[in-house]
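Biologist: Could you take a close look at one part of this model for me, the nonpolar core, and tell me how it ties in with the domains around it?

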Amino acid sequence: MALLEVERIDVFYGRVQALHGESLQVDQGEVVALIGSNGAGKTTTLRTISGLQHPARGTIKFNGKDITRSEPQDIVNMGICQSPEGRRLFARMTVLDNLRMGAYTRRNQAEIKQDMDRVFELFPRLKERLNQVAGTLSGGEQQMCAMGRALMAKPKLLMLDEPSLGLAPILVETIFQIVREINAQGTPVLLVEQNATKALEVAHRGYVLETGNIVQTGTGKELLASKEVQTAYLGM
Amino acid sequence: MATAVQRLRGTFLPLSFNSGLNVIGILVVLVALFASTQRVIEGGGTYFFQTLGFGLAQGAIFALVALGYTMVYGIIELINFAHGDVFTLGAFFSLAIITSPLGALIGLTPSSSGAGVILPLLGLFVVTMLFCALVNIAIERVAYRPLRHAPRLAPLITAIGMSALLEGIMNVWKGPYNLAYPDFLPENQIPLGGGATIAAKSVFVIVIAVVLMVVLTLFINRSKLGKAMRATAQDRDAAQLMGIDINRTISATFFIGAALAGAGGIIYGLYYNSVQAFDGFQYGLYAFTAAVFGGIGNIPGAAIGGFVIGIVFAMSDGYFTTKWTIPLIFAILIFVLVFRPTGLLGMRVPEK
C-alpha cells in the first residue's frame with residue numbers, strides 16, 4: 001500500500017479546471033518529484049492534498065485512509081505538512097514562533113524540543129536567528145525557516161513547494177542537500193520544482209505535469225534521460 | 001510578490017516629504033497644535049488636568065472598543081460595524097442584571113454604593129463580557145462565516161445590517177430613551193499635587209481598561225491560541241497548513257473583541273450614568289477612527305489611537321466648542337486616511 005495515493009482528481013478554481021484526472025503516489029521512504037512548467041498545476045496538487053482545495057472528482061488516500069474531504073488541520077494532524085510556495089512565513093513573528101506554529105498540532109513538549117534541535121542541526125543558521133522577526137530574514141534563511149517549520153509538525157510526508165525558487169545557486173545546492181538528508185532520516189518527500197534537473201537528481205521517482213495532466217512518469221534517472229523531458233524542462 | 005512590494009511601497013509613499021499634499025498636512029497639524037497650546041496656557045493647570053483625566057477615561061473606553069475593530073479587521077479584513085452595538089449591548093445587559101432580582105441576589109441594586117460593590121461589580125464584568133462574547137461569536141457564525149469567500153463588500157453590508165438589527169432589538173427591549181445607569185463609583189477627586197486633581201471615576205475607568213489591555217497583550221503574545229490568532233491574521237493559508245483551525249481562531253478573535261467591548265459598555269454606563277440604544281453607532285465610529293489612527297489591524301495602535309482620540313475629544317470639548325468635536329474627530333479620520341492610510345503604527349514588514 002502506498003503512503004499517499006492521489007487518484008484521478010479533478011480540481012476547479014471556479015469554472016477553470018486546474019487538474020484533469022491527475023493521479024500520483026508516494027511510497028514510504030521515497031523522494032518523489034513533481035515537475036512541470038508554470039501553471040501546470042503543481043501548486044494546486046499540493047494545495048489539494050493539504051485540503052485547502054477540494055477535488056470535484058477523484059480520491060486522495062493517506063495511509064489507506066480517505067482524506068479527500070478532510071479539513072487542512074485534520075490532514076496536518078494525520079501527518080502531511082507542506083512548506084508552501086513563496087515560503088509564506090508568519091512575517092511579523094519571530095523564527096522561534098514560526099517554528100512553534102509548525103508544531104501547533106502537537107502536545108508533547110519534550111518531543112517538540114527534540115525536533116527543534118533536529119531542525120537546528122539541519123539549519124544551524126536558524127538557531128542564530130531565533131529571535132529575529134521572520135520577515136527580516138534573507139530569502140535563503142526564509143526558505144530554511146519554512147522547511148524547518150514544516151518539519152516541526154513531524155510529518156509522515158513532507159511536501160515542499162518550490163524550495164529553490166529565487167535562491168542563489170550555492171543555496172540551491174544546500175537546499176537539495178538538505179532534502180536528501182531529511183529523506184535519509186526517514187521522511188518521505190513530495191517535491192514540487194521548476195528546477196527539474198536538480199529535483200530529478202534528488203528524486204527516486206518523478207512525475208511530469210502538463211496543464212493538469214500527468215504526461216510522463218518514471219524514476220528520476222529515466223526522466224533525466226528522456227528526450228521529451230530534456231527538451232521541455234531541461235533546456236537541452 | 002512584485003505586487004505585494006508595490007502595494008507596500010504605495011502605502012508608504014505618503015510618508016515622503018516630496019509631495020505638496022504632505023506639506024499641507026503638516027501645516028494643518030502645526031496650526032492646530034499652536035492654537036490649542038495658546039488656549040491651554042490661558043486655561044491654567046488645574047483645568048488642564050481635569051480635562052486630561054476626562055480625556056484619558058474617554059480614551060480608555062474608545063481603546064477597548066477599538067481593539068475589537070482592529071483585531072477583527074486584522075484576522076478577516078472586515079470592518080465589523082456591529083461592534084459598536086455589541087458595546088451598547090454590554091451596557092444594556094449589565095443594566096438589565098442590576099435592575100433585575102438577579103442583581104439584588106449578587107448584591108447590586110441601582111442604589112448600591114461604597115466598597116461593598118467591588119466584588120459584585122467584578123462578577124458583573126465577567127458575566128457581561130461573557131454574554132457579549134457569545135453573542136458576537138453567534139454573529140460571526142450566522143452573518144460573516146457564510147460570506148467568508150464572498151467579495152469583501154458583502155460581509156461589510158451584512159455588518160451594517162447586523163448593527164441595525166442589534167440596535168433594533170435594544171430599542172424594542174428598552175425603548176429609545178436615555179436610560180439611567182446606576183452610579184456606583186465614588187465622586188471624589190484625587191489630588192495630584194499643585195492644585196491639580198483627577199476624578200476617582202476616571203482613575204477607575206483607566207485602570208480597568210489598562211488591566212484588560214495588559215491581559216490581552218499577554219494572551220496574544222504568549223499563549224498558543226493567541227499566537228495562532230496572529231498567525232491566522234498574517235497568513236490564513238499558511239496557518240491552515242500548520243494545522244491551525246482558522247474557524248477556531250476567528251471565533252476566538254470575535255470572542256475577545258466582544259468581551260472587551262462589553263467591558264467598555266459597563267464602564268461607559270458607570271462613567272456617564274446614562275445609556276441609549278443607539279449610542280453604539282456613534283461610539284463605534286469614534287472607536288473605528290481610533291483604530292484607523294493607530295493603524296487598522298495593529299493592536300497596540302488601537303490602544304494608543306483610543307487614548308489619542310479620547311484626549312482630542314476632551315480637549316476639543318474643554319477648550320473649543322463641543323459642537324465642533326464630532327466634526328473634528330471625523331476630520332481626523334479623513335486626515336489619517338488621506339495622509340497616512342497605514343495609521344500611526346501601520347504594518348511595516350518588508351516582503352522578500
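Modeller: Sure, let's start in the middle: the largest nonpolar core has 172 residues, and Leu191(A), Ala63(B) and Leu64(B) touch the most other members. By nonpolar core I mean a set of buried Ala, Val, Leu, Ile, Met, Phe, Trp, Tyr and Cys residues joined through C-beta atoms within 7 Å; buried means 20 or more other C-beta atoms within 10 Å of a residue's own, with C-beta atoms placed from the backbone. Helix α3 (residues 45-76) of chain B gives this core its largest share, 18 residues (helices are DSSP runs of H or I, at least four residues, numbered from the N terminus). At least three residues of the core come from each of domain 1 (69-277) and domain 2 (282-352) of chain B, bounds that come from an automatic or database domain assignment.

Keep in mind that this is a predicted model, where local features need pLDDT of at least 70, side-chain atom pairs count only at pLDDT 80 or more, and totals for chains, interfaces and linings use all residues. Residues are numbered from 1 along each chain as its sequence is written, with chains lettered from A and ligands numbered from 1 in the order in which they are written.

Back to Leu64(B): leaving out residues up to four places away in sequence, Leu64(B) touches Ala209(B), Leu212(B), Leu260(B), Ala261(B), Ala263(B) and Gly264(B) (contact means C-beta atoms, placed from the backbone, within 7 Å). As for the domains of chain B, 13 residues of domain 1 are in contact with 13 residues of domain 2. On the domain 1 side, α3(B) supplies the largest share, five residues.

Terms used:
Buried ≥ 20, exposed ≤ 12 C-beta atoms within 10 Å, placed from the backbone. Helix = DSSP H or I, 4+ residues; strand = E, 2+ residues; numbered from the N terminus. Contact = placed C-beta atoms within 7 Å.
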